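These are my notebook entries on a protein–DNA assembly. I wished to record what lies at each contact surface, beginning with the DNA.

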2 protein chains.
Amino acid sequence: MITLDYADRRPIYEQVIEKMKDLILLGVLETDSQLPSVRELAMDLSINPNTVQRAYAELERQGVIYCVKGRGNFVAGTDGLKDKQKEELKPQLSELVKKAQKADMTEEEFITLVKQFYSEQ
Amino acid sequence: MITLDYADRRPIYEQVIEKMKDLILLGVLETDSQLPSVRELAMDLSINPNTVQRAYAELERQGVIYCVKGRGNFVAGTDGLKDKQKEELKPQLSELVKKAQKADMTEEEFITLVKQFYSEQ
DNA sequence: TAACTGTATTAAGAGTGTTAGTACACTTGA
DNA sequence: TCAAGTGTACTAACACTCTTAATACAGTTA
């Protein structure tokens with residue numbers, strides 16, 4: 001279901017959060033469908049259940065999933081998720097533009113790169 | 001000369017690296033001009049000399065400054081620095097575009113944001 | 001020579017990420 | 001009803017990184 005990248009320096013729980021969001025955004029996991037249990041995913045990824053629990057707790061805090069004690073974790077409504085992701089992206093793009101301006105990269109250069117990366121899919 | 005942001009979660013030495021590059025990119029520090037000594041900057045920022053040393057060592061590794069034992073640290077040629085910064089920016093922008101695509105943000109939307117942030121300076 | 005430079009080393013503390021083990025409450029199906 | 005599965009909580013331990021502290025040594029300069 002998910003593959004971890006051990007070359008990635010970010011903590012495991014952050015990767016799990018990101019991958020789960022991706023699966024939901026891609027429609028692989030639909031609204032109200034059940035996620036693998038904490039222990040099951042931990043086994044699957046060969047990591048500790050506590051680490052999965054941390055990721056799930058954060059996903060719940062963000063409203064991406066909801067938890068029912070004794071039953072499991074389920075995908076929350078996906079309506080707002082894409083908008084949330086877009087909002088999250090803005091400050092990051094703002095920082096990148098600042099960096100570009102410091103390096104004297106023109107708006108045209110920047111946009112050319114954007115178009116290039118967009119076309120790469 | 002430099003101000004640290006303690007709200008920034010990044011390590012201090014990374015902030016020092018970034019701020020020094022900014023000063024060089026802005027032309028405040030010219031080629032071959034001397035940087036504050038390790039101990040002086042440490043005093044100025046109220047941090048440990050080892051932390052400054054770590055930042056300076058990394059700046060030297062990146063070719064941004066050069067060090068002369070007993071004399072001090074000096075700004076290396078700034079010619080390539082802007083190009084380096086541009087190159088560093090590309091993979092970051094690529095990741096951001098991927099994120100945008102996952103959230104169904106169109107190229108047009110993305111570029112509109114870029115233009116907006118560019119005009120904000 | 002004294003005072004400044006960079007550089008290296010070791011030790012300690014704080015914080016974070018991860019694992020391990022255990023425990024408890026809830027739900028479900030046989 | 002009961003066993004197995006669920007989420008959740010807690011403590012302890014370990015590793016790693018960041019930072020500080022205290023020295024020490026070598027080179028440069030006035």
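**Entry 1: DNA strand C.** I looked up which element gives the most to the surface near DNA strand C, and found α3(A), with three residues. Here I count a residue as near a strand if one of its heavy atoms lies within 4 Å of it. Helices (H or I, at least four residues) and strands (E, at least two) are DSSP runs, numbered from the N terminus.

I noted the basis of the model before going further. It is a predicted model, in which local features need pLDDT of at least 70 and side-chain atom pairs count only at pLDDT 80 or more, while totals for chains, interfaces and linings use all residues. Residues are numbered from 1 along each chain as its sequence is written, chains are lettered from A and ligands numbered from 1 in the order in which they are written, and side-chain values use heavy atoms, with hydrogens and water left out.

I then listed the elements that each supply at least two residues of the surface near DNA strand C: α1 and α3 (49-61) of chain A, and α2 (38-45), α3 (49-61), β1 (65-68) and β2 (72-75) of chain B. Of the 24 residues around this strand, I12(A), N50(A), T51(A), R54(A) and N73(B) come nearest. I sorted the surface by class and obtained seven nonpolar, 10 polar and seven charged residues. In this sorting Ala, Val, Leu, Ile, Met, Phe, Trp, Tyr, Cys and Pro count as nonpolar, Asp, Glu, Lys and Arg as charged, and the others, Gly among them, as polar.

Which part of DNA strand C is within 4 Å of the protein? Sugar or phosphate holds 65% of those atoms, and bases hold the rest. I recorded a side-chain N or O atom of R54(A) at 2.7 Å from a phosphate oxygen of the strand. N73(B) likewise places a polar side-chain atom 2.7 Å from a phosphate oxygen. For V38(B), a polar backbone atom is 3.1 Å from a phosphate oxygen.

**Entry 2: DNA strand D.** I turned to the other strand and found that, of the 24 residues around DNA strand D, N73(A), I12(B), N50(B), T51(B) and R54(B) come nearest. Of the strand's atoms within 4 Å of the protein, 63% belong to sugar and phosphate. I noted a polar backbone atom of I12(B) at 2.3 Å from a phosphate oxygen, and a backbone N or O atom of V38(A) at 3.1 Å from a phosphate oxygen. A base is also approached: a polar backbone atom of G70(A) lies 3.2 Å from a base nitrogen. α3(B) gives the largest share of this surface, three residues.

**Entry 3: chain A against chain B.** I counted 32 residues of chain A in contact (heavy atoms within 4.5 Å) with 32 residues of chain B. The area buried between them is about 3500 Å², with 68% from carbon and sulfur atoms; this is the accessible area (1.4 Å probe) that two parts lose on being put together, summed over both. On the side of chain A, L89(A), F117(A) and Y118(A) lose the most area, together 20% of what that side buries.

I found seven salt bridges across this interface, each a side-chain nitrogen of Lys or Arg within 4 Å of a carboxyl oxygen of Asp or Glu. One of them joins E109(A) and K86(B), with the closest N and O atoms 3.4 Å apart.

Terms used:
Polar contact = N/O pair within 3.5 Å; in protein donor to acceptor, adjacent residues only side chain to side chain.
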